[in-house]
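Colleague: I would like to go through this model place by place. Please show it first.

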Amino acid sequence: GEAGGWSNRFEQGLHPAIERFNASIGFDILLLQQDLDGSIAHARMLGRCGVISQDESARLIEGLETVRQEAAAGQFRPGLEAEDVHFAVERRLIELLGPLGKKLHTGRSRNDQVGTDLRLWLRQQIDQIDAALLRLERALLEQAERHADTLIPGYTHLQRAQPVCLAHHLLAYIEMAERDRARLADVRGRVNICPLGAAALAGTPVPIDRRQTAAELGFEALYANSLDAVSDRDFAVEFMAAASLVLVHLSRLSEEVILWASEEFGFVALTDRCATGSSLMPQKKNPDVPELVRGKSGRVFGHLMGLLTMIKGLPLAYNKDFQEDKEALFDGVATVHGCLEAMAILFEEGLQFRPERLEAAVASDFSNATDVADYLVARGVPFREAYQLVGGLVKRCLQEGVLLRDLPLDRWQELHPAFDADIHAAIQPRQVVAARRSEGGTGFDQVAAQLQRVRTRLDA
Ligand code: ARG
């Protein structure tokens with residue numbers, strides 16, 4: 001049968017509501033460039049293999065390029081009757097070339113075609129997401145370099161725990177982004193496998209050369225099994241799982257920025273470039289950007305679950321259920337792009353850390369209590385005993401409304417004779433941070449080494 005009109009087995013047209021229900025052209029037009037690329041590679045291969053003449057092959061390619069030009073000029077606007085992008089292109093080709101256009105689909109099915117298009121598209125998107133992750137890493141690194149010497153309270157259970165270097169905190173997110181990049185690179189390897197030539201499900205008697213099309217389209221390998229080729233959507237699931245972790249990381253970072261921007265924390269000021277006001281309350285400056293990123297993460301997790309559920313009950317090989325993979329991937333990819341760009345801009349020009357507030361925070365709490373215990377440990381007191389002594393001291397300080405740094409030496413020596421005048425220096429926030437020299441710790445020299453390594457990696 002002809003593209004968009006079924007074989008002569010059919011006598012009646014589709015019910016209009018069913019035509020709308022069945023059609024994917026409304027969204028899969030996004031695959032137009034990939035569909036043209038795939039068809040051009042297929043047409044060239046058919047000519048080289050002698051399935052059609054070299055002249056026919058050249059004219060098919062020319063026709064496909066004409067469709068590309070028409071689309072660029074806004075003159076290719078297929079309607080619902082085309083059903084999907086594959087039929088739309090084939091239909092237009094037949095209009096342009098007449099009977100020759102009907103030869104394009106030789107030895108091919110929409111089943112291997114759609115798998116090819118989707119993989120070509122996703123491969124390109126992964127590369128763009130990688131670039132967007134790098135941009136965010138650079139923005140984080142620049143803030144980290146600016147704040148190599150700024151301290152911030154470190155938390156566990158969202159309770160003040162021990163002070164850390166602000167650069168150290170930001171570098172943690174760069175590490176997450178690096179794992180995200182590595183995961184996406186790994187997924188890309190399994191996206192970049194060519195299903196073309198599997199035809200509908202069983203291969204084809206037409207003497208095609210799958211290696212030619214795969215090579216022309218830049219695929220690294222061929223699917224070994226035609227049934228698997230047309231029914232594998234693992235790559236879409238894997239991508240969405242990797243994308244979900246990207247969004248988990250962005251959402252956690254967003255949550256921190258939202259907290260930091262609150263009056264209660266006051267650790268960052270939002271610039272006008274990335275904050276919004278209230279329609280009612282004139283004093284408000286709201287962190288809409290991180291809130292939206294945090295909120296949008298749910299979409300991507302939802303798509304992951306949707307894809308898994310869509311696939312799990314499907315018998316081999318192609319089933320129309322697969323058409324549902326597209327909107328999930330398209331929306332998932334758009335969400336990742338949007339969130340990564342917004343977060344990069346937020347760290348490039350949307351917020352300023354407030355060192356005076358951060359310094360005041362670390363200077364006025366008990367986050368140096370561990371270091372008092374460590375001080376005793378260094379002088380031979382067993383850790384658990386030191387821990388109990390300091391716990392009692394903190395309790396009394398809280399009752400009296402004083403900080404550890406305010407205690408005179410006789411109070412220290414009353415607690416334990418091992419205390420000396422150097423206790424005051426040892427519990428200064430800067431000293432507390434500097435002391436954490438273990439590999440990967442927040443000590444300033446460890447952080448400087450981290451900054452150096454990341455800078456080298458990102459400049460390479
Ligand atoms: N629009 C379809 C999809 O997105 C293309 C493949 C259709 N194949 C078929 N045998 N109906 O999956």
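Colleague: Which residues of helix 14 are buried?

Modeller: Helices are DSSP runs of H or I with at least four residues, strands are runs of E with at least two, and both are numbered from the N terminus. A residue is buried if 20 or more other C-beta atoms, placed from the backbone, lie within 10 Å of its own; 12 or fewer means exposed, and anything in between is partly exposed. Helix 14 spans residues 369–378 and is mostly covered, with 7 of its 10 residues buried. The buried ones are Ala-369, Asp-371, Val-372, Ala-373, Asp-374, Tyr-375 and Leu-376.

Colleague: What kind of model is this, and how are its residues numbered?

Modeller: Numbering starts from 1 along each chain as its sequence is written. Local features need pLDDT of at least 70, side-chain atom pairs count only at pLDDT 80 or more, totals for chains, interfaces and linings use all residues, and the model itself is predicted.

Colleague: Which helices are among those that cover the buried residues of helix 14?

Modeller: Covering is judged by contact, which means that the C-beta atoms of two residues, placed from the backbone, lie within 7 Å. The cover includes helix 15 (383–400), helix 17 (423–426) and helix 18 (429–434).

Colleague: Which helix gives the most to the shell around the ligand?

Modeller: A residue belongs near the ligand if its C-beta atom, placed from the backbone, lies within 6 Å of it. The shell includes Ser-24, Asp-28, Arg-110, Asn-111, Val-114 and Lys-326. With 3 residues, the most comes from helix 6 (residues 110–146).

Colleague: From which domains does that shell draw at least three residues each?

Modeller: The domain bounds come from an automatic or database domain assignment. That assignment divides the protein into domain 1 (16–106), domain 2 (113–360) and domain 3 (364–459). The shell draws at least three residues from each of domain 1 and domain 2.

Colleague: How many residues of the largest nonpolar core come from helix 6?

Modeller: A nonpolar core is a set of buried Ala, Val, Leu, Ile, Met, Phe, Trp, Tyr and Cys residues joined through C-beta atoms within 7 Å. The largest one here has 116 residues, and Phe-239 is one of those that touch the most other members. Helix 6 supplies the largest share of this core, with 14 residues.

Colleague: Which residues does Phe-239 contact, leaving aside its neighbours within four places in sequence?

Modeller: Phe-239 is a member of the largest nonpolar core. Its contacts beyond those neighbours are Leu-122, Val-187 and Val-191.

Colleague: Is Leu-158 buried or exposed?

Modeller: Leu-158 sits in the loop between strand 1 and strand 2. It is not a glycine, yet its phi is positive, about 55°. Most residues other than glycine have a negative phi. Because only 7 other C-beta atoms lie within 10 Å, Leu-158 is exposed.

Colleague: Is Ala-199 buried or exposed?

Modeller: Ala-199 also has a positive phi, near 55°. Its place is the loop between strand 3 (193–194) and helix 8 (210–216). Because it has 22 C-beta neighbours inside 10 Å, Ala-199 counts as buried.

Colleague: Which residue does a cis peptide bond join to Leu-316?

Modeller: Most peptide bonds are trans. At this cis bond omega is about 0°. The partner lies in the loop between helix 11 and helix 12 (325–350), and it is Ala-317.
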